[in-house]
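Please look over the model below with its cysteine pairs and one acidic side chain in mind. The paragraphs that follow go through them in turn.

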Amino acid sequence: MPPSRARTTTALALLLLASTACTAAEHEPTPAPHSLPVSRQARQLRLPLDAYASTVAETHLVEDAEDILMRRCMTDQGMEWETLPLVDARDTEPPNLRRYGADEVEAVRYGYHPSPDPLSVLRRSRAWDEREALPAEVRRAAYGPSGKGGCLKAADRQLVGDTAPLDFRAFNQLTGTALETSRRTSEVRDALRRWHTCMAKAGFDYPDPYTAAGNKRWETSETTSAERATARADVACQKSTGLVKVWAAAETRVQHRLIRQNADRLHKAKARKDRWLSAARRVLNREGRTHHQHHVSDQ
């Protein structure tokens with residue numbers, strides 16, 4: 001796996017950025033929370049295709065195992081290699097956060113702006129920044145000229161032999177299809193109409209939560225009072241109409257059907273993922289870093 005920041009490269013994160021347009025401009029630095037502000041509903045929301053995805057926590061797991069093996073490789077070449085700081089399990093986003101619109105806890109505090117990264121996520125992000133500033137000789141030894149060679153390639157070979165890198169294409173395609181297909185079901189259309197009526201009564205005219213979140217008025221450096229008021233009405237209407245429960249139930253049915261139709265492809269992708277994760281856990285267990293298992297199971 002090439003060097004990457006898990007929080008910006010997960011398959012679902014990329015899908016949501018494309019489908020909801022709910023990312024706002026960078027806002028002014030805000031004191032980082034000690035844990036991610038997310039509702040219980042978001043933490044508990046699970047969909048059948050989740051079994052075939054890689055969570056942020058699982059990506060961290062593999063990165064941390066790679067780091068340990070890279071440190072040995074770099075030491076053999078007479079170079080120091082500082083491993084990435086760990087991310088607390090509470091600080092990783094749930095896999096389906098904002099899938100059907102804004103999250104209640106985030107919306108109340110930040111409107112449609114992303115919540116500030118918790119401290120452990122900030123520390124890891126800064127460590128990635130420091131790696132980008134490493135001397136050319138060190139980066140070449142670590143990653144090779146291509147960014148996929150050097151000690152990283154040696155670490156991956158030691159980790160999983162000739163097992164191919166993780167492949168997110170099947171999951172990406174199917175989770176996008178499932179979201180759009182479920183959106184067109186009669187029960188979700190009815191729930192969205194109820195949500196629209198609820199918002200209209202509160203003085204807001206949006207056809208769906210994605211449009212509300214993607215309003216260009218929210219592309220400001222800081223959250224405005226108008227944005228917070230809209231987001232609060234949005235999540236209140238989601239709650240009163242049962243939108244998330246209705247949509248999740250509809251999408252669960254769609255995903256089960258897609259899994260049956262694409263069983264071979266998905267099972268191969270999952271077997272590959274499981275091999276990477278098992279190998280990573282073995283490395284971390286030998287290092288006494290078994291708490292990473294809780295990182296994964298908490299997702």
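Which handedness does the link of C73 and C151 have about the S-S bond? With -75 degrees about that bond, the link of C73 and C151 is left-handed. C73 lies in helix α4 (residues 56-76) and C151 in helix α8 (residues 150-160), so the pair ties together parts that are 78 residues apart in sequence; helices here are DSSP runs of H or I with at least four residues, numbered from the N terminus. The sulfur atoms of C73 and C151 are 2.0 Å apart and form a disulfide, a term that stands for a pair of cysteine sulfur atoms within 2.5 Å. Both cysteines, C73 and C151, are buried, that is, under 20% relative accessible area with a 1.4 Å probe and protein chains only.

This is a predicted model, in which local features need pLDDT of at least 70 and side-chain atom pairs count only at pLDDT 80 or more, while totals for chains, interfaces and linings use all residues. Residues are numbered from 1 along each chain as its sequence is written, and side-chain values use heavy atoms, with hydrogens and water left out.

By the same sulfur rule the count comes to two disulfides, and C198 and C237 form one of them, with their sulfur atoms 2.0 Å apart. C198 lies in helix α10 (residues 186-201) and C237 in helix α12, so this pair ties together parts that are 39 residues apart in sequence.

Helix α12 (residues 225-241) is also the place of E227. A polar contact (N or O atoms within 3.5 Å, one able to donate a hydrogen and the other to accept it) of 2.7 Å joins the side chains of E227 and H113.

Note on methods. Helix = DSSP H or I, 4+ residues; strand = E, 2+ residues; numbered from the N terminus. Buried < 20%, exposed > 50% of the residue type's maximum accessible area, 1.4 Å probe, protein only.
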